[in-house]
Amino acid sequence: MEFDFRKHFRNMKLEENPGFEFRTHHEQGAAFFTFGSLGERIKGIIDEYANKRRLDRRSFLKTASGFAAAMLAVNKVSGMKFFEVSEAEAIDEAAAMEYSTGNEFIIDMHTHVGWRKAGFTKENTTERGMWFVKLLDDLGKSMGLPNGLRDMDVDGFGRYLYKESDTAMAIVNMFGFREDYGGMDMNPIEEVAEARNRWPNRTILLGGGLTINQGMSETLERLDHFIKDLKISGLKLYTFDSTPKKGWWFDDDRAYPLWEKCQKEGIKVIGCHKGIPFGQFMARYSHAEDLDRVADDFLDINWVAFHSGWPYHHELAALKAFKPQRNNLWCELGSTFAATVTNRPVECAHILGTLIRDLGADRVLWGTDSPLWGKAQWQIEAFRKFQIPDQLAEGYGYPKLTDEIKRKILGENHAKLFGINIEEKRKEIKLREA
Ligand SMILES: [Zn+2]
């Protein structure tokens, strides 16, 4: 995740909201609704249902019914059906629990181990690096992680994704930016790999922290190390970086040896952070246009736009909408869904509608950016209920979010991307254990 959520949800500060502890995923999810732009308008409706349960608002929002009531309230104030949720769920806890479950095989494309063992001190982190550490730390605390970034270690990864959510498998990636972190990546890959080594049948490791601005021979050597020693299954890179040049493009001729090496070594998934031009990073490098050329030049590599390029997702979608022959361009929903579903539901519907209509229901990948947004489960339950309202579907040619499309987005697409046999995995994996 990578933007100032505190401004996004401008009223959400824990110290100003005593009583909110975000212990349950329902409370986390509901809080995002009540602190978002619709908050003031939906609180009254939430209170009506809280009264029916004889609970105060805060206690009510810890329950499944409270979370359902928040979504029902959004439908009511907007006059559009963004969530498939009934009155009964807002009143009756058992009904709310029953209708929030699902048996999809969920694979999370976008997860992090954000902490590193050396920590972040004045000695090993620049001022700019510390600013980013603090951003993630504050964010984590706002999301209910008591120790912020510190809780985004390997244990936290297991807890918030595997133990406390319906997620079956996760793809984990890392922050590099080593110019800001004492010459070592913000998340050294050896440490991130521990998440894969601890849950090897559930976790897929992507290499990261490479930029052509760190010199090609060294970058190629590191890629070689990632592939041979750490057995990465793909890459997730950033085209903005912390070098004096500040960024680069995938379609730069100088980057081609990287892609050629991946091709030769059988690395078939290469992702990039696209959109969400956060912090000190330059927005221009978060546009997706550089995927155009590489997608044509390396047809056997799957190119994944993490965050789906939001708020430039139209540019990404156009790279397939007008090039229907293209089959190797994918997008991922981390942070983009979480940030919009609670706060800007019309925008959320447009984003999902645009991506599914143009890139295709087979090319959209579920991702949560957890544990930056707390427990993954509230996002899963919000997505299960989310719908593109008829007015938008008709006016823009968007598909409705059928169960089939949701199952694809939640995991079947990832399974195809990484060659995972879902039926085999279902036998191997015990959900809710970590
Ligand atoms: Zn991320």
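**Exercises on helix α19 and the two domains**

In this predicted model, Gly419 follows α19 and has a positive phi, near 65°.

**Exercise 1.** Determine whether the end-to-end distance of helix α19 agrees with its number of residues, and locate its bend.

*Solution.*
Step 1. Helix α19 covers residues 403-418, which is 16 residues.
Step 2. The expected span is 1.5 Å times one less than the number of residues, so for α19 a value of 22 Å should result.
Step 3. The C-alpha atoms at the ends of α19 are 22 Å apart, and the two values therefore agree.
Step 4. The bend is located at Ile409, where α19 turns by about 55°.

**Exercise 2.** State which residues of α19 are buried.

*Solution.*
Step 1. The criterion for a buried residue is 20 or more other C-beta atoms within 10 Å of its own.
Step 2. In α19 the buried residues are Lys406, Lys408, Ile409, Leu410, Gly411, Glu412, Asn413, His414 and Leu417.
Step 3. Ile409, the site of the bend, is among these buried residues.

**Exercise 3.** Describe the contact between domain 1 and domain 2, beginning with the domain bounds.

*Solution.*
Step 1. The domain assignment places residues 5-98 in domain 1 and residues 106-428 in domain 2.
Step 2. Their C-alpha centres are separated by 28 Å.
Step 3. Domain 1 contributes 26 residues to the contact, and domain 2 contributes 24 residues.
Step 4. On the side of domain 1 that touches domain 2, at least two residues come from each of α1 (5-8), α2 (25-35) and α5 (64-78).
Step 5. The most is given by α2, with 6 residues.
Step 6. Sorted by class, this side of domain 1 holds 14 nonpolar, 8 polar and 4 charged residues.

Note on methods
Residues numbered from 1 in each chain as written. Predicted model: local features only at pLDDT ≥ 70, side-chain atom pairs only at ≥ 80, totals over all residues. Domains from an automatic or database assignment. Contact = placed C-beta atoms within 7 Å. Helix = DSSP H or I, 4+ residues; strand = E, 2+ residues; numbered from the N terminus. Nonpolar A, V, L, I, M, F, W, Y, C, P; charged D, E, K, R; others polar. Bend = angle between axes of the 7 residues up to and from the residue. Buried ≥ 20, exposed ≤ 12 C-beta atoms within 10 Å, placed from the backbone.
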